[in-house]
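Reader: I'd like to go through this one by asking how each label was earned. Can you set every value against its cut-off for me?

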Amino acid sequence: MYRDILDAIKNGKLPTVDENSFAGPVAKEYFQMKGVKMSKRVSLIAGNWKMNKTVEESVELVNDLKQKLSDGSVASDREVLVCPPFTSLVVVKEIVKNSVIKLGAQNMYFEKSGAYTGEISALMLKNAGVEYVIIGHSERRQYFGETDESVNKKMKVAFENSIIPIVCVGETLQQREKNEAFSVIEKQVKVGVAGLSAEQSKKLVIAYEPVWAIGTGKTATPQQAEEVHAFIRKIYTEMYGKDAAESIRILYGGSVKPDNVSEIMRQPDIDGALVGGASLKADDFIKLVRY
Ligand code: PGA
């Protein structure tokens, strides 16, 4: 084990290692010093395709991903997720069966059924083979009137249907410039993810996506992102206790690309990435998965 890690360091690669396998505090400090990330959490690399890809294009992309990831090269410390548009879910589900790729959706409605023209329920998603659902993405907040209250309702209904919600939070540029980033995020977390059971509170995924970094080519520096991730985990500790806060995965999103992913993933409180643009090309997404 130690030999593998030392070899990896010599080769300039920084593996993720399980803290439980360390011999003691000295070893821990050594690896921390070397920048080796120590995590008990399985990373999640999630592709948010947004309003892109027809059925044919979805089939092509996911077949390509499946084939390129079928060589056993996805490390056991990470999960791979694609979130296609609704129209492609069922067809993608058939392709990802028996592969390392999991299926997610980009939104849902909180009512069970009825006269809600154009909406999709959690049960419909579950039935289509969905395991994760993105909730409260900033684009939904900005263009479709999503609020912390509707996020909260959706999150609970997703859990009731055994779908893991990925709840998005993040400040706008204006809010960051006015020094409001932390208070905005605190409210989004405190209201958006309130009211979970003990079991649910350990399974939730939160994505921190600074709005100013989405699709703009600007990323938060790894330090800026880490600061917010640690802050979210602190608030979550106050809400649900240390165990839950240590269990949940907090993803970073906003212009994650093959050339910045390693540095981002090296931060102790960053447990994965929610990726838009770079998830639309198989080769780029695969580089992210193999960060
Ligand atoms: P981006 O999008 O990677 O294109 O910035 C991220 C997101 O909105 O989830």
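**Labels and how they are earned**

Author: Let's start with Asn-179, which sits in the loop between helix 8 (173–177) and helix 9; helices (H or I, at least four residues) and strands (E, at least two) are DSSP runs numbered from the N terminus. The model is predicted, so local features need pLDDT of at least 70 and side-chain atom pairs pLDDT 80 or more, while totals for chains, interfaces and linings use all residues. Residues are numbered from 1 along each chain as its sequence is written, and side-chain values use heavy atoms, with hydrogens and water left out.

Reader: Why is Asn-179 called exposed?

Author: Its relative accessible area is 72%. Exposed means over 50%, buried under 20%, and partly exposed in between (1.4 Å probe, protein chains only), so at 72% Asn-179 counts as exposed.

Reader: What makes the phi of Asn-179 worth a remark?

Author: The phi is positive, about 60 degrees, although Asn-179 is not a glycine. Lys-50 is another such case, with a positive phi of about 55 degrees, and again not a glycine. Lys-50 lies in the loop between strand 1 and helix 3.

Reader: Why is Gln-188 called buried?

Author: Gln-188 is in helix 9 (residues 181–192). Its relative accessible area is 8%, and the limit for buried is under 20%, so the label fits.

Reader: What does the side chain of Gln-188 reach?

Author: The backbone nitrogen of Gly-170, at 2.8 Å. That passes as a polar contact (a pair of N or O atoms within 3.5 Å; within protein, one must be able to donate a hydrogen and the other to accept it, and residues adjacent in sequence count only if both atoms are side-chain atoms). Leaving aside neighbours within four places in sequence, Gln-188 is in contact (heavy atoms within 4.5 Å) with Arg-141, Asp-148, Val-169, Gly-170 and Val-193.

Reader: How do you know that Arg-41 counts as buried?

Author: Arg-41 is in the loop between helix 2 (25–33) and strand 1. Its relative accessibility is 11%, so it falls on the buried side of the limit.

Reader: Which side chain joins that of Arg-41 in a polar contact?

Author: The side chain of Asp-271, at 2.8 Å. A polar atom of the Arg-41 side chain also lies 3.2 Å from the backbone oxygen of Pro-268. Beyond four places in sequence, the contacts of Arg-41 include Arg-233, Glu-246 and Arg-249.

Reader: Why is Ser-150 called buried?

Author: Ser-150 is found in helix 7 (residues 148–160). It has a relative accessible area of 13%, so it meets the buried limit too. A polar atom of its side chain lies 2.9 Å from the backbone nitrogen of Thr-147.

Reader: And what makes Asp-77 buried?

Author: Its relative accessible area is 18%, under the 20% limit, so buried is the right word. Asp-77 is in the loop between helix 3 and strand 2. Its C-alpha atom is 4.9 Å from that of Val-42, 35 residues away along the chain.

Reader: How do you know that the buried residues of helix 14 line one face?

Author: Those residues are Ala-282, Phe-285, Ile-286, Leu-288 and Val-289, in a helix that runs over 282–289. Seen down the helix axis they fall within an arc of 155 degrees, so they line one face; the arc is taken from the directions from the axis to the C-beta atoms. They pack against elements including strand 1 (43–48), helix 3 (55–68) and strand 2 (78–83).

Reader: Which residues come nearest to the ligand?

Author: Lys-50, His-137, Glu-209, Gly-215 and Ser-255, out of 13 around it; a residue is near if one of its heavy atoms lies within 4 Å. A ligand oxygen is 2.7 Å from a side-chain N or O atom of His-137, and a ligand oxygen is likewise 2.7 Å from one of Glu-209. Taken alone, the ligand exposes 290 Å², and the protein buries 97% of that.

Reader: How much of the protein chain is buried?

Author: Buried residues make up 50% of its 291 residues. The chain has 14 helices and 8 strands.

Notes: Areas by Shrake-Rupley, 256 points an atom, 1.4 Å probe, with all protein chains shown as cover.
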